[in-house]
Amino acid sequence: MATSQKRLALAIIDFLSKSLNDGTIASEDTESIEIAKSCIADTFHVDPNDQAALKDAIGDQSLLTIYGVYEKLKGKTSTAPMPGASSNKPTTSTPKPSGPTPTNPEAEEFKSQGNKAMQQKDYPKAIDLYTKAINLSPTNPIYLSNRAAAYSASNKHAEACADAELATSADPKYTKAWSRLGLARFVLGDAKGSMEAYQKGIEYEGNGGSEAMKKGYKTAKEKVEEEEKEGGDDEMERAASPRGAGGAGGGGGGMPDLAGLASMLGGGGGGGMPDLGALMNNPMFASMAQNMMSNPDALQGMPTLRLV
């Protein structure tokens, strides 16, 4: 019988035992569970009391942890929030492993090759190699975090965010994953989520956090404060400058009002063109556009991507 099948049998027996101990399975079902464990052990010729064999099968993790990461990779969702996430959107809940992820020599080789591809700026190749490593060890936070870095370097920030979230779920103490999650969220426009990710990284690093993590947090925090200020200014402007009820006129010096002009062009909802007046009078939009045109290197303040 294949060794992998025996390992899986041991992992299932361990899962059933833990489910009894933590109360997941009612005590009145204990006899049935013990019979099931005995049947599995006899059928697959394994010894549930062999701790060395069990550690070889699942390392310091559990079957529930491994399956939780599998669900994430398949896009399954639940109502539990991701660590450090600012959104209330449903995400996958993954149990936290109790220790470091055991290494797989073949997966380590793929990771090393992926690191070399990153150094050569061959990001598609790096992504492919890290994916091969992840296929062999799907709960390894280093492989997931490195692939997140490769995705970020390829401007695939949504994919980078997903991998970084998986990495932080697999091992919250692996702080590089928090840094990469902070960067991905920032580029995707989630400054608050970015700030929270960097904050988690600082907490897990201890001693006040590294300079890179603190710099990322500071950059994200400043962006959050800027957005809050711009939102407040926008509300004040709307309150101080109520728009006229109709017509394209009303502007000073006989110039047409932008909101009225947008209405003439079919804007303002109802399935027509966008509300051009609201867009052009939005100081956040104007500031963002001006910043992008005048400062294309605006994201250079974010931490650089470093591999393991």
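A residue counts as buried when its relative accessible area is under 20%, as exposed when over 50%, and as partly exposed in between. The exercises below apply this to a predicted model.

**Exercise 1. Classify tryptophan 178 and tyrosine 204 by burial, and characterise the aromatic pair that they form.**

Step 1. Tryptophan 178 has 0% relative accessibility, so this residue is buried.

Step 2. Tyrosine 204 has 37% relative accessibility and therefore counts as partly exposed.

Step 3. The ring centres of tryptophan 178 and tyrosine 204 are 6.2 Å apart, with 10 degrees between the planes. Planes under 30 degrees apart count as stacked, and the pair is stacked.

Step 4. Tryptophan 178 belongs to helix 9 (residues 175–187) and tyrosine 204 to helix 10 (residues 191–205), so the pair links parts 26 residues apart in sequence. A search of the whole structure finds one aromatic pair.

**Exercise 2. Describe the span of helix 6 and state which helices its buried residues pack against.**

Step 1. Helix 6 covers residues 123–136, which is 14 residues. From first C-alpha to last, helix 6 reaches 20 Å, close to the 20 Å expected at 1.5 Å a residue.

Step 2. The buried residues of helix 6 are Tyr123, Ala126, Ile127, Leu129, Tyr130, Ala133 and Ile134. An α-helix has 3.6 residues a turn, so residues three or four places apart point the same way.

Step 3. The buried residues of helix 6 pack against helix 5 (105–119) and helix 7 (141–153).

**Exercise 3. Determine which element gives the most residues to the largest nonpolar core, and place alanine 126 within that core.**

Step 1. The largest nonpolar core has 28 residues, of which Met118, Ala126, Ala150 and Leu181 touch the most other members.

Step 2. Helix 5, helix 6, helix 7, helix 8 (157–170) and helix 9 each give two or more residues to this core. Helix 6 gives the most, with seven residues.

Step 3. Leaving aside neighbours within four places in sequence, alanine 126 is in contact with Gly114, Ala117, Met118 and Ala150.

Step 4. Another core lies apart from this one and has 11 residues, among them Ala9, Leu16, Ile33 and Ile40.

**Exercise 4. Decide whether serine 194 is buried or exposed, and list its contacts beyond four places in sequence.**

Step 1. Serine 194 lies in helix 10.

Step 2. With 0% relative accessibility, serine 194 counts as buried.

Step 3. Not counting residues up to four places away in sequence, serine 194 touches Gly182, Arg185, Phe186 and Ala220.

Note on methods:
Residues numbered from 1 in each chain as written. Predicted model: local features only at pLDDT ≥ 70, side-chain atom pairs only at ≥ 80, totals over all residues. Heavy atoms only, no water. Helix = DSSP H or I, 4+ residues; strand = E, 2+ residues; numbered from the N terminus. Expected span 1.5 Å × (residues − 1). Buried < 20%, exposed > 50% of the residue type's maximum accessible area, 1.4 Å probe, protein only. Contact = heavy atoms within 4.5 Å. Phe/Tyr/Trp six-rings, centres within 6.5 Å; stacked < 30°, edge-to-face > 60°. Core = buried A, V, L, I, M, F, W, Y, C linked by side-chain atoms within 4.5 Å.
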